[in-house]
Amino acid sequence: MLLTIDVGNTHTVLGLFEGEDVIEHWRLATDARRTADEIAVILQGLLTQSPLLKGADIDGIAICSTVPSVLNEMREMCRRYYGDVTAVIVEPGIRTGVPVRMDNPKEVGSDRIVNALAAIDQYGGPCVIVDFGTATSFDAVSAKGEYVGAVTAPGIEISVDALAAAGAQLHKVELVRPRSVIAKNTVEALQAGIIYGFAGQVDGIVERMTAELADDPDEVTVVATGGHAALVAGESRSIDVHEPWLTLIGLRLIYHRNTA
């Protein structure tokens, strides 16, 4: 089985593949203070406690990270606890098959390249990937499978935290769909502003991106992923596909490209 690990700024998502299928998955808080030993203990606990994985063996690991300090500990964890398992870490020198057409390709996060590869493999190009993470990231991929550009906006959690911190009578609310757009109380007013506000932001940015990306914007597939994608995807007119495991799928593809 292949273990895939996507380390984001806020959350770390882990998925276990059997062939092309994700058979188990977990979401953890990303903590830059965790050591390799602590990561190994958490991982082994998750693997042991899962009722789906009795007697399962990990024969490969693929990792990408936007947090350098955590990546270093992940590397050490693989070396100490999974030394006999092939590990592929997405970093310079790893074959992804995705040309990066940016002014400075080194500025592009590894997770965004991984997402681009997965989107092209699953849905073809051109496409736009909307990743609802710490930031809301919009990535443009050409019909040739090239990463050609991006838009970055504040993420949902950041926006909610900032609003709660700045408003004396405002507070964090559960991120669920309210009964109506025109709310009758403060909680639902905040929920409506968050959900429909971000859906409108997505539609506006995607409309502009697809107009630049293709002669016929209808040819562009818009793929949503990330922790809050399900919250917004149903309210957005522009999102075609919601794929929660897009990054993990990309990690699986990169692992096989580099170990075949």
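Begin by selecting Asp21, which you will find in strand β3, covering residues 21–29; helices (H or I, at least four residues) and strands (E, at least two) are DSSP runs, numbered from the N terminus. Asp21 counts as exposed because its relative accessibility is 51%, where exposed means over 50% relative accessible area, buried means under 20%, and partly exposed lies in between (1.4 Å probe, protein chains only). Now add Val108 to the selection: it stands 87 residues from Asp21 along the chain, and the C-alpha atoms of the two are separated by 28 Å.

Before going further, keep in mind that this is a predicted model, in which local features need pLDDT of at least 70 and side-chain atom pairs count only at pLDDT 80 or more, while totals for chains, interfaces and linings use all residues. Residues are numbered from 1 along each chain as its sequence is written, and side-chain values use heavy atoms, with hydrogens and water left out.

**The whole chain**

Colour the chain by pLDDT, the predictor's confidence in each residue, from 0 to 100. The protein chain has a mean pLDDT of 92, and 97% of its residues reach 70 or more. Where is confidence lowest, and where is it highest? Helix α4, residues 156–166, has the lowest confidence with a mean of 80, whereas strand β6, residues 127–132, has the highest at 97.

Switch to a cartoon view, and you can look for seven helices and ten strands in the protein chain. The radius of gyration of the protein chain is 19 Å, close to the 18 Å that the globule rule gives for 260 residues, so the chain is as compact as a globular protein of that length; here the radius is taken over C-alpha atoms, and the rule is 2.2 Å times the number of residues to the power 0.38. If you turn the C-alpha trace along its principal axes, it spans about 55 × 45 × 35 Å. Of the 260 residues in the protein chain, 47% are buried.

Contacts, meaning heavy atoms within 4.5 Å, can be followed along the sequence as well. Among those between residues at least 6 apart in sequence, 59% join residues at least 24 apart.

**Ile89 in strand β5**

Select Ile89 next, in strand β5, which covers residues 86–89. Is Ile89 buried or exposed? Ile89 is buried, because its relative accessible area is 9%. Leaving aside residues up to four places away in sequence, Ile89 touches Ile63, Leu71, Arg75 and Ile94. For a longer view, add Asp121, which is 32 residues from Ile89 in sequence and 20 Å away in space, C-alpha to C-alpha.

**From Ile120 to Ser142**

Move on to Ile120 in helix α3, which is partly exposed because its relative accessible area is 25%. Not counting residues up to four places away in sequence, Ile120 touches Gly125, Cys127, Val141, Ser142 and Gly145. Its C-alpha atom is separated by 20 Å from that of Ala260, 140 residues apart along the chain.

One of these partners, Gly125, leads to a detail of the backbone: the peptide bond from Gly125 to Pro126 is cis, with omega near -5°. Pro126 lies in the loop between α3 (110–123) and β6.

Another partner of Ile120 is Ser142, found in the loop between β7 (135–141) and β8 (147–154). Ser142 counts as buried because its relative accessibility is 11%. Which residues does Ser142 touch, not counting those up to four places away in sequence? Ser142 touches Ile120, Gly125, Pro126, Val148 and Leu213, and so both residues of the cis peptide bond can be shown beside it.

**Val173, the final stop**

Finish at Val173, in the loop between α4 and α5 (186–213). Val173 counts as buried because its relative accessibility is 13%. Among the residues that Val173 touches, not counting those up to four places away in sequence, are Val187, Leu190, Gln191 and Ile194. Select Leu190 together with Val173, and you will see C-alpha atoms separated by 7.4 Å, although the two residues are 17 apart along the chain.
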